[in-house]
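Student: Could you take me through one part of this protein slowly? I would like to see how two helices can pack against each other, and what lies around them.

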Amino acid sequence: MAELIFGDYAQAFSPEVACYIGLKKAIVIQGFHYWLEKNKEENRNFKDGCYWCYNSYEDWKRISFSYMSERDIRRVIKELEDDGYLISRKYNAYRGDCRKWYTINYEKFHRDMIQYREEAQRKEKEEILQKEQEALEKELYPCVQNGQRVCPEWTEQYTITTQQETQLNGLNVANYHSPYRFDENIFRKSIVKACHTCGIESDKLIDDVKTVMHYYRLKYLRKHDKPHPFLNQNCMCIIVNVFINGNAYIPIVLGDRDFVEYYMDLIDSYFDTDILETDHNMMHFMNEEILHYRDLDIMYY
């Protein structure tokens, strides 16, 4: 029975590569890699510092990819060339021989795969963080479903007094609370709007700010067993501006440090430190002296 499944010849491909460039491309480039390694072992078709493999499209179908149409093979090889992962030459001795010779650009492929893995890991962390937040919020506040308020007595409208507005602008909000529940959609839109207001157009940087602020919310939930108080758009702009540009105490010269990881370290230090007369409001965290001392903590302790 096993021979009916595997036969005399089985092909393999990397699922990770298939996720990145597509299934057919992953199969074809793996097939080319097989022939390049075989030629390397037998020390043949070595030209211009590389090992090469060659065939007509008809022969590629017959020898390696019998389950693909010749048209598909031609298209996939062309796309791999356009992507920069396959390099083609013509080393044929006869003018009438139109077969292309191929080698893999391993350096570019390796570099792009590393970048893909890092991005995939970042998205996975964000998804895990989001699921943890949703689970906590569902447990603490069953009236919130899919980031939407379902309790009729709640309202999306929010107003603050002139005195409170002055406090917010001055970052003096250590004891500030809101009676309103957290709204996921409003929160996300507010972050994006604040980023655009501060002149941030990079999607990656906006995603990084979202990740940091969601991480802060999660830490707040775990610390206080309740959602973080409402932040109006002016507060969001202040927070985003400090995130990106720093302030007088901390210019945020990251160097080799990742933006998200750096701020997560700051947030961890903030919540792990006993600070008198604070409820861990995000605006208090953005205070110059608070950021300065948390930065010292992660640098020297």
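Tutor: Happy to; here is a close look at one helix pair and some residues around it, followed by a short stop in a loop elsewhere. Keep in mind that this is a predicted model.

Let's begin with the pair itself. Two packed helices are described by the angle between their axes and the distance between the axes. Here the partners are helix H9, residues 203–224, and helix H10, residues 233–245. Their axes are 11 Å apart, and the packing angle is about 110°. Angles of 65 to 115 degrees count as roughly perpendicular, so H9 is roughly perpendicular to H10. The crossing of these two helices is right-handed.

Which residues of H9 and H10 make the contact? On the H9 side, look for Leu-205, Val-209, Val-212 and Met-213. H10 brings Met-236, Ile-239, Val-240, Phe-243 and Ile-244. Sorted by class, the contact has 9 nonpolar residues, with no polar and no charged ones.

Now stay with Met-236, which belongs to the H10 side of that contact. Leaving aside neighbours within four places in sequence, Ser-190 is in contact with Met-236 and also with Gln-233. Ser-190 itself sits in helix H8, residues 184–197. Is Ser-190 buried or exposed? Its relative accessible area is 8%, and the cut-off for buried is under 20%, so Ser-190 counts as buried.

Next, the cysteines. A disulfide is a covalent bond between the sulfur atoms of two cysteines. Searching the whole structure turns up 0 disulfides. Take Cys-198: the nearest cysteine sulfur belongs to Cys-237 and is 5.0 Å away. A disulfide needs the sulfur atoms within 2.5 Å, so Cys-198 is in no disulfide. With a relative accessible area of 28%, Cys-198 is partly exposed. Cys-53, by contrast, is buried, at 3% relative accessibility.

Finally, the loop. Find the stretch between helix H3 (23–41) and strand E1 (46–47), where Asn-43 is located. Asn-43 has a phi near 50°, which is positive even though the residue is not glycine. Its relative accessible area of 55% makes Asn-43 exposed. Asn-45 lies in the loop between H3 and E1 too, and its phi is also positive, at about 55°, again in a residue that is not a glycine.

To pull the main picture together: H9 and H10 cross with a right-handed sense, through a contact of nonpolar residues, while buried Ser-190 touches Met-236 from helix H8.

Technical notes:
Residues are numbered from 1 along each chain as its sequence is written. This is a predicted model: local features need pLDDT of at least 70, side-chain atom pairs count only at pLDDT 80 or more; totals for chains, interfaces and linings use all residues. Side-chain values use heavy atoms; hydrogens and water are left out. Axes are lines fitted to C-alpha atoms, for helices over the stretch in contact, and angles run from 0 to 180 degrees between N-to-C directions. Helices (H or I, at least four residues) and strands (E, at least two) are DSSP runs, numbered from the N terminus. Angles under 35 degrees count as roughly parallel, over 145 as roughly antiparallel, 65 to 115 as roughly perpendicular and the rest as oblique. A crossing is left-handed if the near helix is turned anticlockwise from the far one by less than a right angle, and right-handed if clockwise. Contact means heavy atoms within 4.5 Å. Ala, Val, Leu, Ile, Met, Phe, Trp, Tyr, Cys and Pro count as nonpolar, Asp, Glu, Lys and Arg as charged, and the others, Gly among them, as polar. Buried means under 20% relative accessible area, exposed over 50%, partly exposed in between (1.4 Å probe, protein chains only).
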